[in-house]
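Good morning, everyone, and thank you for making the time. Before I begin, please bring up the sequence and the structure, so that you can follow along as I name residues.

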Amino acid sequence: ARENYQTLLKIYAPGKKVLPIPQVAWETGGFSWGFKPDRAFRPGDVDAYWNYAQKTSSWGTPNGIGFTGSIGLAAALDPRRGQNYAQAIYMHRIHEGLRLTGLFQGLAPWHTQPDFDHSTLWTQPVYPALTNAAGLAPRNLFAGEESFWQWAVINSVARPLERAELRFSLADRDNREITVDSLALPRVAPFETGRGKYTLKLPAGVTGFRQLRLTLFAGGKEVARNYYNLSIADPAVRSRRIEAKRPVMVWNSGNRTNVEAALSLLHRHGIEAKCVDSLASLSGKELAVVPPELEESAALDLYTDPGVNTFCRAKGGTLLILEQQNPRTRFPGGQTLQQENACFADLVVPEHPLFAGLDTSRPGCLLCGALSPFPINSVAAKGVMLGNRSIGGAIIDAEWGKGHLIISQLDAVVQHDSDSSAARYLVNLLSYASSGSRWEKIR
């Protein structure tokens with residue numbers, strides 16, 4: 001938005017810092033065409049997902065699969081969600097971001113549904129918001145802990161906002177609401193945006209899905225509201241003890257930082273692990289972990305490496321590969337990495353034990369690369385960029401010869417301490433990988 005504004009200044013007001021004419025954001029919401037419900041599709045149907053993954057997508061014909069990087073295939077095909085669901089999520093995010101820039105005097109999004117009442121949220125003349133330093137809204141937090149934000153109140157009316165109070169509350173899915181905090185605001189002049197720092201402390205013991213509600217009062221009357229959907233976890237999940245049912249080894253991938261990151265993660269969850277230079281020496285009764293690539297390292301050949309093949313394929317060991325980033329690394333099965341990270345992960349099998357306790361209804365899992373070609377064993381996929389067929393494997397759960405192969409490309413290890421969903425997911429992942437059991441529908 002700011003780059004575009006600078007371009008417009010060069011065209012309409014050379015040498016000036018402010019446009020002499022209004023700027024209107026036009027058709028910025030998206031999701032206006034191409035939705036075709038499929039009542040027969042069921043989340044978790046791997047073969048049906050695979051069939052959609054073979055289709056092409058374009059701006060005019062997304063074929064369902066074109067929406068996997070934003071709302072997910074199941075939501076795109078669901079007659080009850082589809083277009084309205086997508087626009088409700090992204091128009092909120094997009095138009096809040098545009099208004100917070102202060103560069104626009106109007107919004108002209110494209111939505112054709114006469115009953116689309118979500119627009120009454122982001123078109124409020126007075127608009128409260130809460131973002132972090134990067135301009136992102138609250139999302140995955142921890143109960144009882146503080147997090148640091150910037151409040152903003154956009155005052156798009158001709159009178160000042162005075163004696164205002166911003167109230168914070170949490171509501172569950174049954175609309176039961178508890179008060180969290182309130183904040184007295186300074187005067188906000190007409191057509192200006194007030195901003196300030198704010199520390200949000202969530203109450204202890206309140207976990208799961210919650211909606212953080214912001215309600216703005218002035219002169220004792222409500223004048224505006226906003227909300228953000230949260231996933232809240234008990235902070236103890238960061239160090240929850242996992243009872244490994246088999247010995248755990250970390251493969252020495254050649255990079256000390258990466259190996260130590262894997263050992264540290266395991267130790268935090270009570271898993272005693274040792275580092276080994278070769279997997280060929282193991283019996284096949286162990287879980288072997290390939291460390292996450294937090295620091296750039298040499299490419300790994302996990303496809304032809306004799307130790308990897310002997311341990312997993314021949315002896316029946318469990319191999320967990322964490323978060324690789326080198327595009328030259330080859331994975332079991334021969335796949336390599338796509339490094340197109342702009343898309344969210346889409347859960348192919350939401351009921352998989354890896355996702356237990358997570359809010360699988362909301363898009364938002366970030367990636368550090370995905371496997372290509374797309375494996376049929378994927379339980380989560382990297383969605384496509386509309387107009388190409390760049391779908392990839394984000395999480396793989398597969399039988400490989402006699403062994404068990406798990407590959408996780410979600411960007412979770414670095415976010416273990418800061419993102420509640422990442423912490424929960426890693427507990428599920430390590431518990432499942434070290435359990436000695438396999439998902440009943442594994443391929």
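I will go through the interior, one helix, some charged pairs and a few backbone details, in that order. Please keep in mind throughout that this is a predicted model.

Let me start with the interior. As a general point, in soluble globular proteins nonpolar side chains tend to be buried together. In this model the largest nonpolar core has 57 residues, and those that touch the most other members are Tyr-49, Leu-320, Phe-355 and Tyr-425. Helix α8, residues 420-433, supplies the largest share of this core, with nine residues. If you select Leu-320 and set aside residues up to four places away in sequence, you will find that Leu-320 touches, among others, Leu-287, Val-290, Ile-406 and Leu-429. There is also a second, separate core of 39 residues, including Leu-100 and Tyr-228.

Now please turn to helix α1, which spans residues 2-12. Which residues of α1 are buried? They are Tyr-5, Leu-8 and Leu-9. Seen down the axis of α1, these buried residues fall within an arc of 105°, so they line one face of the helix. It helps to recall that an α-helix has 3.6 residues a turn, so residues three or four places apart point the same way. On the other side of α1, by contrast, Glu-3, Lys-10 and Ile-11 are exposed.

Ile-11 leads us to the surface, where Ile-11, Tyr-12 and Ile-21 form a nonpolar patch with about 320 Å² of accessible area together. Ile-21 sits in the loop between α1 and β1, the strand at 24-26, and Ile-21 counts as partly exposed because its relative accessibility is 42%.

Next come the charged side chains, for which the count is 16 salt bridges. One of them joins Arg-238 and Glu-145, at 2.8 Å from N to O. This pair links distant parts of the chain, 93 residues apart, with Arg-238 in the loop between β10 and β11 and Glu-145 in the loop between β4 and β5. Is each partner buried or partly exposed? Arg-238 is buried, with a relative accessible area of 14%, whereas Glu-145 is partly exposed, at 26%.

Another salt bridge is formed by Glu-177 and Arg-213, whose closest N and O atoms are 3.2 Å apart. Here too the pair links distant parts of the chain, since Glu-177 belongs to strand β7 and Arg-213 to strand β9, 36 residues apart. In addition, Asp-78, Arg-80 and Arg-81 are linked in a network of salt bridges.

Finally, let us look at the backbone, bearing in mind that most residues other than glycine have a negative phi, and most peptide bonds are trans. Where does the model have a cis peptide bond? One joins Ser-372 and Pro-373, with omega about 0°, and Pro-373 lies in the loop between β17 and β18.

Two residues other than glycine deserve a look for their positive phi. Phe-31 has a phi near 60° and lies in the loop between β1 and α2, while Glu-323 has a phi of about 45° and lies in the loop between β14 and β15. Phe-31 counts as buried because its relative accessible area is 16%, and Glu-323 is likewise buried, with a relative accessible area of 2%.

How values were computed. Residues numbered from 1 in each chain as written. Predicted model: local features only at pLDDT ≥ 70, side-chain atom pairs only at ≥ 80, totals over all residues. Heavy atoms only, no water. Patch = residues over 30% accessible without salt bridge, like charges linked within 9 Å, V, L, I, M, F, W, Y side chains within 5 Å. Areas by Shrake-Rupley, 256 points an atom, 1.4 Å probe, with all protein chains shown as cover. Salt bridge = Lys/Arg side-chain N within 4 Å of Asp/Glu carboxyl O. Helix = DSSP H or I, 4+ residues; strand = E, 2+ residues; numbered from the N terminus. Buried < 20%, exposed > 50% of the residue type's maximum accessible area, 1.4 Å probe, protein only. Core = buried A, V, L, I, M, F, W, Y, C linked by side-chain atoms within 4.5 Å. Contact = heavy atoms within 4.5 Å. Arc of directions from axis to C-beta.
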